[in-house]
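Student: I have a structure to go through with you. Could we take it in short questions and answers?

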Number of protein chains: 2
Amino acid sequence: VSEREILDWLRKTVGNGIGDDCAVYIPRKGEDLLFTNDQSIEGVHFAPGLAPGAVGERAVARAISDIAAMGGEPRFCLLSLAMPKAKGMAWAKRFFRGALKARVPLVGGDLAHGDKIHIDVVVCGAVPHGRALRRDGAKIGDLLYVSGALGKAWDRKRIEPRLAFGKLLRGRATSCIDVSDGLSLDLRRVCEASGVSAEVDHVPIARGSTLERALHGGEDYELLFTMPSRFKPPQGSFRIGRIVPRIGSGVMYQGLELPARGYDHFGQS
Amino acid sequence: VSEREILDWLRKTVGNGIGDDCAVYIPRKGEDLLFTNDQSIEGVHFAPGLAPGAVGERAVARAISDIAAMGGEPRFCLLSLAMPKAKGMAWAKRFFRGALKARVPLVGGDLAHGDKIHIDVVVCGAVPHGRALRRDGAKIGDLLYVSGALGKAWDRKRIEPRLAFGKLLRGRATSCIDVSDGLSLDLRRVCEASGVSAEVDHVPIARGSTLERALHGGEDYELLFTMPSRFKPPQGSFRIGRIVPRIGSGVMYQGLELPARGYDHFGQS
């Protein structure tokens with residue numbers, strides 16, 4: 001397989017103008033653009049045996065979830081792929097078919113060979129000007145919600161980015177983040193950015209999962225958000241606690257400090 | 001070293017709002033945006049022993065060169081980095097200092113551990129609406145130029161993206177590409193996209209280099225462009241040939257077909 005063969009196939013499949021040194025995007029009037037990138041590395045983010053279609057689908061879905069967390073809708077993506085030469089064209093086709101499932105136009109990327117499969121996906125999304133959901137706006141007295149049950153990662157379900165849900169939060173949620181590294185770590189990030197603390201009373205646990213996984217597991221890709229009590233949260237929301245003045249490390253669970261045990265790439269665990 | 005330590009240091013160093021799920025960019029009126037990404041993989045794109053500052057600087061410069069080739073100016077970048085845990089904070093700091101040398105605001109990215117250093121840089125650039133330089137506009141009769149001598153890669157000079165030069169080509173060049181994979185391969189890309197052929201008479205060879213390297217070497221990061229003869233090319237341009245009707249594989253050198261021997265990541269060589 002040659003780089004050129006893969007690119008020729010991609011051009012035909014995607015049906016757009018991949019080919020210049022850069023992709024060109026003409027911004028629409030009144031939109032702010034959102035950018036996120038996420039790596040997916042064989043042996044780090046996914047098991048070596050995972051089917052190529054699933055690798056591609058997950059790699060793109062993880063980045064789209066960040067767009068959902070900002071209340072955006074995806075506009076286009078770029079994808080870098082390094083893979084062993086031995087994987088060949090069949091692997092590449094199945095991988096890209098998975099990556100294209102999300103129907104976010106693929107406008108560019110970079111191919112290289114490498115010892116292991118290594119993907120980096122950039123997704124660009126858009127929100128009406130000034131309406132992006134941030135991490136730093138949680139206010140004392142706000143209620144704390146998640147968009148669904150947590151702890152799902154254990155059975156490696158498909159990632160379904162909460163795009164429609166995120167759009168419903170525009171103008172109402174004071175902060176939002178997607179639960180990708182574990183509730184305990186992601187909630188701490190919101191509290192630190194907002195200069196507040198959170199008291200969590202209870203969390204909805206996915207069927208067959210455990211409290212431990214729901215609190216620290218990560219890869220849930222549900223939205224964690226805060227909202228003043230005068231607003232009704234979208235259907236399907238679970239209230240898990242409230243925002244309080246800054247104390248200690250930021251996150252309390254049933255009266256005790258909740259350590260952040262979510263995933264840190266360079267941590268000891 | 002923890003992911004958090006690196007991020008905290010970066011936030012302080014970069015002095016902007018890295019921290020949300022996405023970076024937010026508010027497009028300026030009348031600008032088209034350009035996007036490019038480039039991987040830099042240890043053992044593929046650079047030797048394992050290369051100094052961390054040079055790794056960072058080169059990784060970003062390669063992507064900026066794509067912006068130059070479209071006539072753009074860089075607006076911001078995102079950077080994904082995977083590195084072995086053992087490299088530690090000192091390596092990361094030196095790497096990012098190198099990456100920041102180009103003074104393109106770093107607004108986001110992704111950190112992970114991995115067996116080898118693997119970087120993916122996305123640069124967003126901008127051009128006035130409709131003014132991006134493309135590969136597909138070369139016309140029969142246009143003259144063919146490069147922005148400087150070729151074959152430099154052999155001694156691993158610093159990459160200096162031709163940003164100012166690229167801007168001077170707006171509205172005058174009918175096509176443009178940066179010579180990153182070798183003149184023979186990159187010129188073929190222009191000819192294929194434009195449906196024409198090119199006759200190359202002679203090429204300027206960098207001091208101490210060879211004709212072979214100048215024709216096929218790659219990593220020159222000079223601009224290769226076509227322009228109608230009525231325009232005067234920017235100072236420092238070398239005329240290397242002309243555009244002719246489509247024949248054979250697209251590129252002729254001194255009357256003979258020039259095989260594309262530039263770099264293909266999945267090729268046999």
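Student: How many residue pairs are in polar contact across the interface of chain A and chain B?
Tutor: This is a predicted model: local features need pLDDT of at least 70, side-chain atom pairs count only at pLDDT 80 or more, and totals for chains, interfaces and linings use all residues. Residues are numbered from 1 along each chain as its sequence is written, chains are lettered from A and ligands numbered from 1 in the order written, and side-chain values use heavy atoms, without hydrogens and water. A polar contact is a pair of N or O atoms within 3.5 Å; within protein, one must be able to donate a hydrogen and the other to accept it, and residues adjacent in sequence count only if both atoms are side-chain atoms. With both residues at pLDDT 80 or more, the rule finds 19 pairs.

Student: Which element of chain A gives the most to the side that touches chain B?
Tutor: Strands are DSSP runs (E, at least two residues), numbered from the N terminus. Ten residues on that side come from one strand, residues 31–41. The top contributor is strand 2 of chain A.

Student: Which strand of chain B pairs with strand 2 of chain A?
Tutor: Two strands pair if DSSP finds at least two bridges between them. Here there are three bridges, in the antiparallel sense. A:Leu33 stands opposite B:Tyr25. The partner, residues 23–25 of chain B, is strand 1.

Student: How many salt bridges does the rule find across the interface of chain A and chain B?
Tutor: The rule asks for a side-chain nitrogen of Lys or Arg within 4 Å of a carboxyl oxygen of Asp or Glu. B:Lys116 and A:Asp115 form one, with their closest N and O atoms 2.5 Å apart. Across the interface, the count is four.

Student: What relation superposes chain A on chain B?
Tutor: Copies are superposed by least squares on C-alpha atoms of residues with pLDDT of at least 70 in both. The rotation is 180°, the shift along its axis 0.0 Å and the RMSD 0.0 Å. That is why the relation is that of a two-fold axis.

Student: Which strands stand at the edges of the seven-strand sheet in chain B?
Tutor: The sheet is open, with mixed pairing and the order 7-9-6-10-8-11-12. Two strands each have a single partner strand, so one side of each is left without a neighbour in the sheet. They are strand 7 (175–178) and strand 12 (256–257) of chain B.

Student: Which residue is the bridge partner of B:Met252?
Tutor: Strand 11 (residues 251–253) of chain B runs antiparallel to strand 12 of chain B, joined by two bridges. The partner lies in strand 12. It is B:Glu257.

Key:
Helices (H or I, at least four residues) and strands (E, at least two) are DSSP runs, numbered from the N terminus.
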